[in-house]
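Thanks for coming. I will go through one structure today, starting with a single residue and then moving out to the whole chain.

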Amino acid sequence: MRPFLACSLLCLLTLASFAQERPNVVVVLCDDIRWNALSCAGHPHLKTPNIDRLAAEGIYFENMFCTTSLCSPSRATILSGLYAHAHGVTNNFTDYPAELDSFPRRLQEAGYQTAYIGKWHMGEKNDEPRPGFNYFVTHKGQGSYFDTEFNINGTGSRVVPGYYTTVVTDMSIDWIDKHRADDASKPFMLMIGQKAPHSFYFPEPKYEHVFDDVEVNYPHSSFKLDDKPKWITQRLSTWHGIYGPIFDWRKEFPNDKASGVVDFARMVRAYWGTILSVDDSVGRLVDHLKAAGQFDNTMFIFMGDNGLLEGEHGMVDKRTAHEASARVPMIIRYPRWTKQSGPVRIKQQVLTTDVAPTILDAAGATQLTNIHGSSIKPLVSGDDSGWRTEWLYHYNYEKQFPYTPNVRSVRGDRYKYIRYPHGDGSPDRHMAELYDMQNDPAESTNLVNDPAHQSTIAEMEQRLLRAMKAVGLDPSNDTMPLDAGIGTALPDKAIR
């Protein structure tokens, strides 16, 4: 054989081998899903067998958190590995910066075919394709549970009939098939942005009445607010409080009567119902990958962008640093990383900043530089040396949703400390919060005024400053909006 031909064949074989070694990546990103809204997370009523199987075979994260509990900032963090103050998407109206690097861009450079299908939720009025994706399908704004108007890869908007969760799953399966037909030698990365279970909650007809017989009440913490900051009580009758309209499930409000729990229960049951369709979607995707012989060569990630308050402390929606708001589910099934260990439960605190470097690590692609996250691969093998024991939670007051102050919080492995700066450099005007997460995971008792914990508070104040500096946020020059107080008016209908 001639030397040139032999070399060419060897190169081709090497490239083919490398392509086989690189995993496909599928990311199912849910909107506003609570960390415990899965049967594998111990939910007493929801049954999610398809998602449960991912957890039973893969990596289950017991302490996964978003760094900002708000859709757009969190999604930008997942893509970039950066905190909101660094990537610039600090509210729900700012698009992902076109010049900002992301893990999809790095995968493209590494030869991956990339696609995004579903709810993008960065840039409310833009449904055009975004950088980093070979194929891009989304819509303006929130989209609808039924008959959403999608812009399919920049060809213009048109209504696609059907239930949102089913429609984006159909589109995703079609894209996988087209990719295999066009260039099966290249690995692919597919992100699926599910609308569910974001408000307003409308389950598929087949799931509308599944939970009708389940008793739902306000959580006990709704009535234990004496040791909480006053802004939480002020929030009770607003858009983000349990006595308010609760996403239009209550037409006459405020309603603090015992009978008002009926509307709250209807809302919660509808929220649960939308998740059943997400589980169906995961099952269909898994079955399709198995039929194509690609499932075990795929890093399959199921996760949420932020948590959701379901009445805890009298609140609905998110944005706060409380556990129900900041915790998210994440499950990764990737046999190459668990072949030796078997299924793994990760107890360490993992953040949305860690998603991008984890995916790039699995793909063997060039890592993003100067980011705030790390690959979780060492944790899978039991190596937590150097892993974080504290982290910063960061949220800025929004004039469009004036129901939550500025939030700066540090969460350690045991204690969580929350401050609410006013925004003008003056002393905080809201009471701070301190919780012992080891002995009080429900955050039922605020210890901030407990004389026995004053030394802990002093320590946590220093840890907060350290956590801010660790992500490049200067405590002496932390710019944030001016807290104009807790508002009572409803937000504009166009942005709800």
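**One asparagine, then the rest**

Asparagine 396 has a relative accessibility of 11%, so it counts as buried, the cut-off being under 20%. Before I go on, please keep in mind that this is a predicted model.

Where does asparagine 396 sit? Its place is the loop between strand 15, residues 390-395, and strand 16, residues 407-412. Setting aside residues up to four places away in sequence, asparagine 396 touches Asn406, Arg408, Thr479, Met480 and Pro481. Take arginine 408 from that list: it is 12 residues from asparagine 396 along the chain, and the two C-alpha atoms are separated by 8.7 Å.

Now the chain as a whole. It has 13 helices and 18 strands. The radius of gyration is 23 Å, close to the 23 Å that the globule rule gives for 496 residues, so the chain is as compact as a globular protein of that length. Along the principal axes, the C-alpha atoms fill a box of roughly 85 × 50 × 40 Å. Buried residues account for 60% of the 496. If you take the contacts between residues at least 6 apart in sequence, 67% of them join residues at least 24 apart.

On the surface, the chain exposes about 20,000 Å², and carbon and sulfur atoms supply 52% of that. As for charge, there are 51 positive and 60 negative charges, and their mean positions are 2 Å apart.

Next, the interior. The largest nonpolar core has 102 residues. Which residues have the most contacts inside it? They are Phe150, Tyr201, Phe264, Met267, Phe300 and Phe302. Helix 8 gives the largest share of this core, 15 residues. There is also a second, separate core of 48 residues, and Met64, Leu107, Met191 and Val344 are among its members.

Let me stay with phenylalanine 150 for a moment. Leaving out its neighbours within four places in sequence, its contacts include Val137, Thr138 and His139 on one side of the numbering. They also include Val160, Tyr164, Val167, Val168 and Met171.

That brings me to the backbone. Most residues other than glycine have a negative phi, and most peptide bonds are trans. Here are some exceptions in this model.

Two residues that are not glycine have a positive phi: aspartate 147, at about 60°, and asparagine 153, at about 55°. Aspartate 147 lies in strand 6, residues 146-152. Asparagine 153 lies in the loop between strand 6 and strand 7, the latter being residues 157-163. Are these two buried or exposed? Neither: aspartate 147 is partly exposed, with a relative accessible area of 42%, and asparagine 153 is also partly exposed, at 32%.

Then the cis peptide bonds. One runs from alanine 196 to proline 197, with omega near -5°. Proline 197 is in the loop between strand 8, residues 188-193, and helix 7, residues 230-234. Another joins phenylalanine 253 and proline 254, with omega about 0°. Proline 254 is in the loop between helix 7 and helix 8, and helix 8 covers residues 261-291. Helix 8 is the one that gave the largest share of the 102-residue core.

That is what I have. If you open the model yourselves, asparagine 396 and its contacts, Thr479 among them, are a place to start looking.

Methods
Residues numbered from 1 in each chain as written. Predicted model: local features only at pLDDT ≥ 70, side-chain atom pairs only at ≥ 80, totals over all residues. Heavy atoms only, no water. Helix = DSSP H or I, 4+ residues; strand = E, 2+ residues; numbered from the N terminus. Rg over C-alpha atoms; globule rule 2.2 N^0.38 Å. Buried < 20%, exposed > 50% of the residue type's maximum accessible area, 1.4 Å probe, protein only. Contact = heavy atoms within 4.5 Å. Areas by Shrake-Rupley, 256 points an atom, 1.4 Å probe, with all protein chains shown as cover. Lys, Arg positive; Asp, Glu negative; His and termini not counted. Charge placed at Lys NZ, Arg CZ, Asp CG, Glu CD. Core = buried A, V, L, I, M, F, W, Y, C linked by side-chain atoms within 4.5 Å.
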